[in-house]
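Biologist: Could you zoom in on one turn of the chain for me, and then follow its surroundings outward? I'd like a close look rather than a grand tour.

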Amino acid sequence: MTDYVQVSTATRTREQAVALAAGAVQYRLAAGAQIIGPVTSVFWHLGEYGTGEEWQLLLKTSKVRYPELEAHLLEHHPWDNPELCAVPIVLGAERSLQWIGDSVAGD
């Protein structure tokens, strides 16, 4: 088990996803991010069934930095109540995990 997580959220546009990723990485809240899309989402929202096209954002960070990353994403996300989930990185190449740790530790 590691001390790192992968965090996911989604936005309506690619530009919104890039902006969220850029802020998180520049402030060293995440080591890096991938933006995937467009993807089709199927969901319940406000009691109604729906589908939509979104851009998925995946970010890597440490468990220690997660609260700051969450706060940053919630503050800057274009949606009032975005889905924001973190899953543990159970295993990973040692150099990749070290990269995450070094990147979010700052200088």
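**A closer look at the β2–β3 loop**

Modeller: Let's start at L46, which is found in the loop between β2 and β3. Helices and strands here are DSSP runs (H or I, at least four residues; E, at least two), numbered from the N terminus. Keep in mind that this is a predicted model: local features need pLDDT of at least 70 and side-chain atom pairs 80 or more, while totals for chains, interfaces and linings use all residues. Numbering runs from 1 along each chain as its sequence is written, and side-chain values use heavy atoms, without hydrogens or water.

The odd thing about L46 is its backbone: phi is positive, about 55°, although the residue is not a glycine. L46 counts as exposed because its relative accessibility is 76% (buried is under 20%, exposed over 50%, partly exposed in between, with a 1.4 Å probe and protein chains only).

Now walk into the strands on either side. On one side is β2, residues 32-45, and P38 belongs to that strand. P38 brings its own backbone quirk: the peptide bond joining G37 and P38 is cis, with omega about 0°.

On the other side is β3, which covers residues 48-62 and includes Y49. Y49 is exposed because it has 57% relative accessibility. Y49 also teams up with V42 and W44 in a nonpolar surface patch of about 430 Å². Such a patch takes residues with over 30% relative accessible area and no salt bridge, joining nonpolar side chains (Val, Leu, Ile, Met, Phe, Trp, Tyr) within 5 Å, or like charges within 9 Å; areas are Shrake-Rupley with a 1.4 Å probe, and for residues only the protein chains shown count as cover.

What about G50? G50 is in strand β3 as well, but here the surroundings close in: G50 is buried because its relative accessibility is 14%. Leaving out neighbours within four places in sequence, G50 touches S41, V42 and F43, contact being heavy atoms within 4.5 Å. So V42 turns up twice, as a contact of G50 and as a member of the nonpolar patch. Meanwhile G50 and P38, 12 residues apart in sequence, have their C-alpha atoms 16 Å apart.

Follow β3 along and you meet another neighbour. S8, in strand β1 (residues 4-11), is in contact with Q56, L57 and L58, and also with E83, L84 and C85, again ignoring residues within four places. S8 is buried because its relative accessible area is 17%. Looking back from the other end, C85 sits in strand β4 (residues 85-88) and touches Q6, V7 and S8 beyond its close sequence neighbours. C85 is partly exposed because its relative accessibility is 34%. Going on along the chain, C85 and S103 are 18 residues apart, and their C-alpha atoms are separated by 21 Å.

Back to β2, this time to the stretch leading into it. R28 is in the loop between α1 and β2, and like L46, which has a positive phi of about 55°, R28 has a positive phi without being a glycine, at about 60°. R28 is partly exposed because its relative accessibility is 31%. A partner from much later in sequence comes in here: W99, part of helix α3 (residues 94-105), touches A31 and G32, setting aside residues up to four places away. W99 counts as partly exposed because it has 40% relative accessibility. W99 and R28 are 71 residues apart along the chain, with their C-alpha atoms separated by 12 Å.

One last stop, beyond the end of β3. The side chains of R65 and E68 form a salt bridge, 2.8 Å from N to O (the cut-off is a Lys or Arg side-chain nitrogen within 4 Å of an Asp or Glu carboxyl oxygen). A search of the whole structure finds 1 salt bridge. R65 counts as buried because its relative accessibility is 16%, while E68 is partly exposed because its relative accessible area is 40%.
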